[in-house]
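Please look over the sequence and the model shown below. The paragraphs that follow go through parts of the structure in turn.

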Amino acid sequence: MPMSAYDPSQEGAKTSFSDDMSYIDYLSLDPILGSQKRLSDAHDEMLFIIQHQTSELWMRLALFELDAARRNLAAGNFSSTFKMLTRVARIYDQLNSAWDVLRTMTPSEYTRFRDDLGASSGFQSHQYRLIEYVLGNRNKAMMRVHEHRPELYAMLERELSQKSLYHVALDALAAELGETFDPAIYRLDAPHQADQQVMDAWARIYQDPEGHWSLYELAEKLVDLEDYFRRWRFNHVTTVERIIGFKRGTGGTSGVAYLRKMLEVELFPELWKMRGQL
């Protein structure tokens, strides 16, 4: 006897959604799936668009989690902070895997639609810039590319008016050890610079992890996050080099050379430098 086709309605599954919210409705899939608008007839442009659109969605989640992590850390809720920082690290693991898909595109395939990009470039991602600012790499020169969108520029300015996530971590560190850090280390509108007092404070945490377990775990969560973030940057460099070589980027940067400079940036420098002092 041939097997009859499975009918989910016989088990109670709802199959009519003329008057109820469906999966498509809840996720607003119509505008999302209709937003891949190729400007050329090149087959690989669809990959390029979806790669970057999904990256922006993951960054949207990363920002949501980082903002909540900063608020929870400021309130002393370490457990919730750890969960959120772990999630952001795994988001960057997901973003890392996405480079493997993009690397299936060859230089000749990218060349077919590269001119259609005009001057647009991932360098102009306001969400990526905001993630950097939240974490503490606050380079104001990078804001100029957003001046044509006042609402995005204002968003970045608001971020620069408050402490970064790392600043809040330093507050927790100072409170744990009964210290007061030089106010000059809290650079709201410039990249964080390594400070010896802060480095020594983190070293004290690592020399007695059982006595300062929450700060010890916080430090490792931050290092873990930056580790995944660095891997994402490195994979970005190798992907770009594989696809365009040493051509200038579409946004006018030096391309691979610019991305390699970004590899030298440390978000939480004291947490890396003090390891050699233990």
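Helix α8 covers residues 165-177, which makes 13 residues. In this predicted model, α8 reaches 19 Å from its first C-alpha to its last, close to the 18 Å expected at 1.5 Å a residue. Most of α8 is covered, with 10 of its 13 residues buried. The buried residues of α8 are Leu165, Tyr166, His167, Val168, Ala169, Leu170, Ala172, Leu173, Ala174 and Leu177. After α8 comes glycine 178, with a positive phi near 70 degrees.

Helix α9 runs over residues 196-207. Its 12 residues should span 16 Å at 1.5 Å a residue, and its end C-alpha atoms are 16 Å apart, so the two values agree. Just at the start of α9, aspartate 195 places a side-chain oxygen within 3.0 Å of the backbone nitrogen of glutamine 197. Buried residues in α9 are Val198, Met199, Ala201, Trp202, Ala203, Ile205 and Tyr206.

One residue from each of these two helices returns in the next topic, the core. In soluble globular proteins, nonpolar side chains tend to be buried together. The largest nonpolar core here has 68 residues, and Leu173 and Trp202 are those with the most contacts inside it. At least two residues of this core come from each of α3, α4 (78-102), α5 (107-114), α6, α7, α8, α9 and α10 (213-244). Which element gives the largest share of this core? That element is α4, with 11 residues.

The next topic is a pocket. The second largest pocket holds about 270 Å³ of space. It is lined by 14 residues, and the closest to its centre are Leu63, Asp67, Leu130, Met155 and Glu159. Two or more lining residues come from each of α3, α6 (126-135) and α7 (150-160). The largest share of this lining, 6 residues, is supplied by α3. Sorted by class, the lining of the second largest pocket has 6 nonpolar, 3 polar and 5 charged residues.

Helix α3, which spans residues 45-74, also contains leucine 61. Is leucine 61 buried, partly exposed or exposed? Its relative accessible area is 27%; buried means under 20% and exposed means over 50%, so leucine 61 counts as partly exposed. Along the sequence, leucine 61 and arginine 87 are 26 residues apart, while in space their C-alpha atoms are 9.4 Å apart.

Towards the N terminus there is serine 28, in the loop between α1 (23-26) and α2 (29-33). Serine 28 has a phi near 50 degrees, which is a positive value in a residue other than glycine. With a relative accessible area of 39%, serine 28 lies between the two cut-offs and is therefore partly exposed.

Last comes the protein as a whole. There are 12 helices and 0 strands, and from the N terminus on the elements run α-α-α-α-α-α-α-α-α-α-α-α. The C-alpha trace spans about 75 × 55 × 40 Å along its principal axes. Of the 278 residues of the protein, 44% count as buried.

How values were computed. Residues are numbered from 1 along each chain as its sequence is written. This is a predicted model: local features need pLDDT of at least 70, side-chain atom pairs count only at pLDDT 80 or more; totals for chains, interfaces and linings use all residues. Side-chain values use heavy atoms; hydrogens and water are left out. Helices (H or I, at least four residues) and strands (E, at least two) are DSSP runs, numbered from the N terminus. The expected span of a helix is 1.5 Å times one less than its number of residues. Buried means under 20% relative accessible area, exposed over 50%, partly exposed in between (1.4 Å probe, protein chains only). A polar contact is a pair of N or O atoms within 3.5 Å; within protein, one must be able to donate a hydrogen and the other to accept it, and residues adjacent in sequence count only if both atoms are side-chain atoms. On a 1 Å grid over the protein atoms alone, a cavity is a set of points where a 1.4 Å probe fits but cannot get out, and a pocket is an open set with protein on both sides within 12 Å along at least five of seven lines; lining residues have an atom within 4 Å of a point. Grid points are joined across faces, edges and corners, and a volume is the space filled by probe spheres set on the points. Ala, Val, Leu, Ile, Met, Phe, Trp, Tyr, Cys and Pro count as nonpolar, Asp, Glu, Lys and Arg as charged, and the others, Gly among them, as polar. A nonpolar core is a set of buried Ala, Val, Leu, Ile, Met, Phe, Trp, Tyr and Cys residues joined through side-chain atoms within 4.5 Å.
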